[in-house]
Each structure stands twice: as structure tokens, then as C-alpha cells.
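This report walks through the strand pairing, the helix packing and the enclosed spaces of one protein chain. Please keep the sequence and the coordinates at hand while reading.

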Amino acid sequence: MLRTPVSERRLVILEWLKDPVAHFPRRRRADPVEDGVSADAVAERLGVSRAVAETHLGLLADLGLLRAKRMGRRLYYRRDEVRIAEVARMFEKGW
């Protein structure tokens with residue numbers, strides 16, 4: 001985790017996913033709270049290509065901060081609140 005460079009975009013994504021209903025439009029097939037948000041939606045919100053958004057989301061998922069769920073051909077991402085709390089506790093303890 002400490003080897004992954006800090007990115008303002010990744011921090012913004014994590015913040016948006018805290019309340020996905022407020023930051024992303026409702027999609028037909030997925031509930032943003034239960035299922036998560038697609039890379040397309042994140043890319044549109046960031047103003048970047050889907051590939052760039054997928055890179056950011058993939059890094060966050062690899063760190064365990066996001067959970068990915070496949071629905072059809074797409075992956076939907078949502079925060080893993082338990083893991084985020086664990087990481088926060090580690091940093092509070094001076095890890």
C-alpha cells in the first residue's frame with residue numbers, strides 16, 4: 001500500500017464513492033449503493049478515458065479499498081468500509 005503513489009484523483013474517487021447517489025447518475029441495471037459504480041461513470045465524472053478510470057479503480061481495488069462486482073460485461077466498484085477503517089486505524093497507530 002505504501003508503494004502506491006498517492007493520487008488526488010484516487011482520493012476524490014474514494015470520496016465520491018462514500019455517497020455514490022449524490023455524485024453519480026442512476027443507471028438502469030445497477031444500484032450505486034448496493035452494486036457500485038462503473039468505470040464509465042467514474043471516467044465521465046473525472047473527465048478522463050475509461051482506461052484511466054479503470055487504472056485508478058483497479059489500484060484501489062488491489063489495495064482492498066474498493067470491492068469490484070461483475071455484472072454482465074462491466075465491473076462495478078464500491079467502497080470496502082471495513083478495510084478502509086482498518087487502514088485508518090493502522091495509520092492512527094503510527095504504522
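## Basis and sheet layout

The model described here is predicted. It contains an open sheet of 3 strands, whose order is S1-S3-S2 and whose pairing is antiparallel. Strand S1 (37–38) and strand S2 (66–71) are the edge strands, since each of them pairs on one side only.

## Strand pairing in detail

Between S1 and strand S3, which covers residues 74–79, the antiparallel pairing rests on 2 bridges. Valine 37 has tyrosine 77 of S3 as its bridge partner, and serine 38 is bridged to tyrosine 76, also in S3.

S2 and S3 likewise run antiparallel, and here 6 bridges join them. Leucine 66 stands opposite arginine 79 of S3, while lysine 69 has tyrosine 76 as its bridge partner in S3. Tyrosine 76 therefore appears in two pairings, as the bridge partner of serine 38 and of lysine 69. The two strands S2 and S3 form a hairpin with 2 residues between them, and in the turn glycine 72 adopts a positive phi of about 70 degrees.

## Helix packing

Two helix pairs can be described, and H4 takes part in each of them. Helix H3 (residues 39–46) packs against helix H4 (residues 50–62) at an angle of about 110 degrees, and their axes are 8 Å apart. Because angles from 65 to 115 degrees count as roughly perpendicular, H3 and H4 are placed in that class. On the H3 side the contact is made by Ala39, Asp40, Val42 and Ala43, and on the H4 side by Arg50, Ala53, Glu54 and Leu57. By residue class, this contact of H3 with H4 comprises 5 nonpolar and 3 charged residues, with no polar ones.

Helix H1 (residues 8–18) also approaches H4, with the axes coming within 10 Å and crossing at roughly 75 degrees, so that H1 and H4 are again roughly perpendicular to each other. Arg9, Arg10, Ile13 and Leu14 of H1 meet Val52, His56, Leu57, Leu59 and Leu60 of H4. The residues of this contact of H1 with H4 divide into 6 nonpolar, 1 polar and 2 charged. Leu57 of H4 is named in the contact with H3 and also in the contact with H1.

## Cavity

How many cavities of 30 Å³ or more does the count give? The count comes to 1 cavity of 30 Å³ or more, and the space in the largest cavity is about 60 Å³. Its lining consists of Phe24, Pro25, Arg27, Ala30, Pro32, Gly36, Val37, Ser38, Ala41 and Tyr76. These lining residues divide into 7 nonpolar, 2 polar and 1 charged. Val37 and Ser38 of the lining belong to the edge strand S1 (37–38).

## Second largest pocket

The second largest pocket has a volume of about 310 Å³. It is lined by Arg27, Arg28, Arg29, Ser38, Asp40, Met71, Gly72, Arg73, Arg74 and Tyr76, and among these lining residues 6 are charged, 2 are polar and 2 are nonpolar. Gly72 of this lining is the glycine with the positive phi in the hairpin turn.

Arg27, Ser38 and Tyr76 appear in the lining of the pocket as well as in the lining of the largest cavity. Asp40, another residue of the pocket lining, is also one of the H3 residues in contact with H4.

Terms used: Residues are numbered from 1 along each chain as its sequence is written. This is a predicted model: local features need pLDDT of at least 70, side-chain atom pairs count only at pLDDT 80 or more; totals for chains, interfaces and linings use all residues. Side-chain values use heavy atoms; hydrogens and water are left out. On a 1 Å grid over the protein atoms alone, a cavity is a set of points where a 1.4 Å probe fits but cannot get out, and a pocket is an open set with protein on both sides within 12 Å along at least five of seven lines; lining residues have an atom within 4 Å of a point. Grid points are joined across faces, edges and corners, and a volume is the space filled by probe spheres set on the points. Ala, Val, Leu, Ile, Met, Phe, Trp, Tyr, Cys and Pro count as nonpolar, Asp, Glu, Lys and Arg as charged, and the others, Gly among them, as polar. Helices (H or I, at least four residues) and strands (E, at least two) are DSSP runs, numbered from the N terminus. Axes are lines fitted to C-alpha atoms, for helices over the stretch in contact, and angles run from 0 to 180 degrees between N-to-C directions. Angles under 35 degrees count as roughly parallel, over 145 as roughly antiparallel, 65 to 115 as roughly perpendicular and the rest as oblique. Contact means heavy atoms within 4.5 Å.
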